Amino acid sequence: TTEIHPGIKRGAFSQLTDADVSAFEAIVGGDHVIKDADEVLSYNIDWLRICRGQGQLVLRPKTTEEVSAIVRHCNKRRLAVVPQGGNTGLVGGSVPLFDEIVISTSRMNSLLSIDPVSGVLVAEAGCVLEQLDREAASQGLMMPLDLGAKGSCQIGGNLATNAGGLRLLRYGSLRGTTLGLEAVLPTGQVLDCLTTLRKDNTGYDIKQLLIGSEGTLGIITKAAILCPARPKSVQLAFLGLDSFQAVLDTYRLARRSLGEILSAFEFIDSESMRAVKKNLGLSCPLGEHSFYVLAETSGSNETHDREKLDGFIESVMSMDGCATDGTVAQDAGQFAHLWSLRERIVESLLVDGYEYKYDVSLPLADIYRLVEHMRTRLDGRVIRTAGYGHLGDGNLHLNFTTPKFDAKVLELIEPHVFDWVRDRRGSVSAEHGLGLKKSQYIRHSKADFAVRVMAEVKRLLDPNGIMNPYKVLPDE
Ligand code: FAD
Ligand code: MLT
Ligand code: ZN
């Protein structure tokens, strides 16, 4: 790791030996123990290309039993591990910092069952989200979450980060849609909470500890997810607006006039739009505006939904100071293109060079104030300050780019941006998690006593601290 918390020291873990490697080969088979430095490299580098660990070994188990045997061995030998799914995490949680062993779930990719009546899907942790959604579609269902990384992120990684995504506003968080899960705890024991029941008030809901734990409390191996019916009609409006107040007014109107069929409400600022246009060559069907909004509806009756959407657009256009321009996707190609303008912003920013990424929750009225405040603070030092996100969830993605890492820029951003968010009782991690990058700021959004309880839970489940060390909890 380069600039992220250079002060962190390697924990008192054992060093990997040839005998350990032989033990792993006996568990997963030689072909699934990766030692070749070139092959191991991609597992050491995160998606943003900011964090780079020094792991020397990657294990690719196929079954829960294999994961359990690996973890049991690591716990006995005090070898640190890092669980890895699709490696699309944005906070440095999925890669080693030092020489942690990577346990990849990629081969655990079987869909176990889908019940078309109840809508419950049971899958292994390594199933890729987009593939699960395709399987769900074949039964008239959909996965309750969708995100730009769907082509490579895995359901285990989604659960471990409690990923939000583009339609949380409608379908809720994975904390609600996950009915059960199975995990291997840091001692190697298998925690079987893989129920498929809607209701199960038998004491503490232990699976919730694993959801959002970012690989620090165990390795999720299977999950049961409640899938909603796939909507028969999906409509998408794309609007151009000239002030953030207009974005808020439009959201209010969307909630009122689209009601239960509103399935996404995302905003993009002009700087983010410039990045997708310039860096990825995508075209925007509207002219220059300070803001753009994607408002999506999902329902069961196309005529009814279209009528509602047209009515909404008409009201927005006629309301003084609201949207000034707009279009509606006419076919699947336009629908995908409009969504790509939003989903590919993160990728477009990376083209600038180095991306400083923040993911915060704030009261709606403060969301764009933070972007403007930081833009002024960093004036002349960055290529761009870009703000976009899941407006309906009060979730801003705030990003700065420079051609390469600039320590002075980072110093101007942190801890200032976190303090600003704390002072408004926001969250320093809305949906991406704390990982390595934000663990030192956990107290900005969580009470000291709550952090102490978290540390106690960690000690209870992971007495030797082998499971994804240096992540989530602050280094103390
Ligand atoms: P990884 O990156 O491999 O791991 C993420 C964390 O989970 C790590 O701490 C890892 O140790 C842990 N982990 C992984 N698998 C397991 C397991 N089986 N058991 C226990 N721990 C595990 N996030 C959002 O919330 N909303 C978005 O809209 C969104 N969009 C994204 C778009 C793009 C283009 C990208 C690159 C990322 C986006 N993300 C988003 C980040 C998000 O965290 C991930 O995409 C996804 O949830 C991580 O899944 P993964 O399989 O890649 O996990
Ligand atoms: C998104 O909403 O696009 C993702 O969370 C990734 C990002 O921060 O851009
Ligand atoms: Zn997001």
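This is a short walk through one helix, one sheet, a ligand shell and a single aspartate in the structure above. Keep in mind that we're looking at a predicted model.

Okay, let's start with helix H9, residues 244–258. H9 has 15 residues and spans 20 Å from its first C-alpha to its last, close to the 21 Å expected at 1.5 Å a residue.

So which residues of H9 are buried? They are Phe-244, Ala-246, Val-247, Thr-250, Ala-254 and Leu-258. These residues sit on the same side of H9, because the arc they cover around the axis is only 145 degrees. Go round to the other side of H9 and you find Arg-252 and Arg-256, which are exposed.

And what do the buried residues of H9 pack against? Quite a list: strands S10 (233–241), S11 (262–269), S12 (291–299) and S13 (323–328), plus helices H11 (302–318) and H14 (364–377). Right after H9 comes Gly-259, with a positive phi, near 50 degrees.

Several of those strands bring us to the sheet. It's an open sheet of seven strands, ordered S13-S10-S12-S11-S15-S16-S14, and the pairing is antiparallel. S13 and S14 (354–361) are at the edges; each has a single partner strand, so one side of each has no neighbour in the sheet. On average, and ignoring direction, neighbouring strands here are turned by 15 degrees against each other.

Helix H11 turns up again at this point: H11 packs on the sheet and touches S10, S12 and S13, and its direction makes about 10 degrees with that of S10. If you want one pairing to look up, take S11 and S15 (residues 384–390), which run antiparallel and are joined by two bridges. Within that pair, Ile-268 stands opposite Tyr-388 in S15.

Now, ligand 1. Which residues come nearest to ligand 1? Out of the 37 residues around it, they're Gly-85, Gly-93, Gly-156, Gly-157 and Gly-215, so glycines, going by their names. The elements giving two or more residues to this shell are strand S3 (81–84), helix H5 (155–161) and strand S9 (219–226). H5 supplies the largest share, five residues.

Last stop, Asp-448, which belongs to helix H17 (residues 448–461). Is Asp-448 buried or exposed? Exposed, because there are 8 other C-beta atoms within 10 Å, and a residue counts as exposed at 12 or fewer. For a sense of distance, the C-alpha atoms of Asp-448 and Gly-55 are separated by 32 Å, and the two residues are 393 residues apart along the chain.

That's my tour, thanks.

Conventions:
Residues are numbered from 1 along each chain as its sequence is written. Chains are lettered from A and ligands numbered from 1 in the order in which they are written. This is a predicted model: local features need pLDDT of at least 70, side-chain atom pairs count only at pLDDT 80 or more; totals for chains, interfaces and linings use all residues. Helices (H or I, at least four residues) and strands (E, at least two) are DSSP runs, numbered from the N terminus. The expected span of a helix is 1.5 Å times one less than its number of residues. A residue is buried if 20 or more other C-beta atoms lie within 10 Å of its own, exposed if 12 or fewer, and partly exposed in between; C-beta atoms are placed from the backbone. The arc is that of the directions from the helix axis to the C-beta atoms. Two residues are in contact if their C-beta atoms, placed from the backbone, lie within 7 Å. Two strands pair if DSSP finds at least two bridges between them. Axes are lines fitted to C-alpha atoms, for helices over the stretch in contact, and angles run from 0 to 180 degrees between N-to-C directions. A residue is near a molecule or strand if its C-beta atom, placed from the backbone, lies within 6 Å of it.
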